[in-house]
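Biologist: I'm new to this structure and would like a close look at one part of it. Could you pick a helix and walk me through what it packs against?

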Amino acid sequence: MEILAGLIVFIIPALIMPAFGFDVMLMLLSATNMAVIVLCLTTRVVFPRTIPTNKEDDSKLARLSIGAMAIYFFGLNGTWAFLAIVGAHLNLSPAETGAAFSTSLLFGALGSLAAIFFSGRAKLATILSISFLGFMLFVGLISAATGFCLYFSALCIFNVVWNLSLPFTMNVTSAVDDNGRFTALNPAAQTLGGALGPLPAGTMLATVGPAAVYAQLLPGIFLAFALYLIISRQCHAGFQ
């Protein structure tokens, strides 16, 4: 999916919109969204449970995991939403910024592959620790960036660790969700956190500068990861 998204982000601005116009681009995006909806409606999702649990306790843990997801995306999107502005601050051209975004999405697929490899092999605490260190590396690189190379490297790190950690965080909800009700709320929590995140980040960007964009990233991710670890330790189903 990340590879497909990266290709779409690259192809649409560079080829489709100049040749066919903005209306055709919107029609293409709408058709893509409709195709995804149809595929989701025809896909049967099963939530396996192997060990009986205390439903009341797990319901509370599932609600807490949804809150953790919202906090996670609050921190993530507060940074992601303004990375193009950071690129402009570094005097990068729109073409360079677009290339960095689209290509870094392709590199983000490495995070998904890593998640597949580590699934069942590594504990949740290990994965989240690696991811947090990755986000710290991102902040260090983007803060030190003076041109395209470090900027692009930072975006690649961001997408890799995002895609590495996301399946494991969503799996925490599944582990404490008896019938899939709360797992289905993960996208809503991501949307809510992602929508609220840019509000304080934008204010800080206007008053302090680009460095302020990262001020809520690490605290938000740290709090979300801490909540996930607390939930996993209390999970009756047993969680690595």
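Modeller: Here is a walk along one helix and its partner, with a short stop at another helix pair. Keep in mind that this is a predicted model. Let's take helix α6, which runs over residues 124–144. Its 21 residues reach 30 Å from the first C-alpha to the last, close to the 30 Å expected at 1.5 Å a residue.

Now for what is tucked away. The buried residues of α6 are Leu124, Ile127, Leu128, Ser131, Phe132, Gly134, Phe135, Phe138, Val139, Leu141 and Ile142. It helps to know that an α-helix has 3.6 residues a turn, so residues three or four places apart point the same way.

Next comes the partner, helix α10, residues 217–234. The axes of α6 and α10 come within 11 Å and cross at roughly 180 degrees. With an angle over 145 degrees, α6 therefore counts as roughly antiparallel to α10. On the α6 side, the contact uses Leu124, Ala125, Leu128, Ser131, Phe132, Phe135, Met136, Phe138 and Val139. Facing them from α10 are Leu217, Leu218, Ile221, Phe222, Phe225, Tyr228, Leu229 and Ser232. Sorted by type, the residues of this contact are 15 nonpolar, two polar and no charged.

For another pair, look at α8 (residues 186–196) and α9 (residues 198–207), whose axes come within 5 Å and cross at roughly 20 degrees. That angle is under 35 degrees, so α8 and α9 are roughly parallel to each other. Here Gly194, Ala195 and Leu196 of α8 meet Pro198, Leu199 and Pro200 of α9. This contact has five nonpolar residues, one polar and no charged.

Methods: Residues numbered from 1 in each chain as written. Predicted model: local features only at pLDDT ≥ 70, side-chain atom pairs only at ≥ 80, totals over all residues. Heavy atoms only, no water. Axes fitted to C-alpha atoms, helices over the stretch in contact; angles between N-to-C directions. Helix = DSSP H or I, 4+ residues; strand = E, 2+ residues; numbered from the N terminus. Parallel < 35°, antiparallel > 145°, perpendicular 65-115°, else oblique. Contact = heavy atoms within 4.5 Å. Nonpolar A, V, L, I, M, F, W, Y, C, P; charged D, E, K, R; others polar. Expected span 1.5 Å × (residues − 1). Buried < 20%, exposed > 50% of the residue type's maximum accessible area, 1.4 Å probe, protein only.
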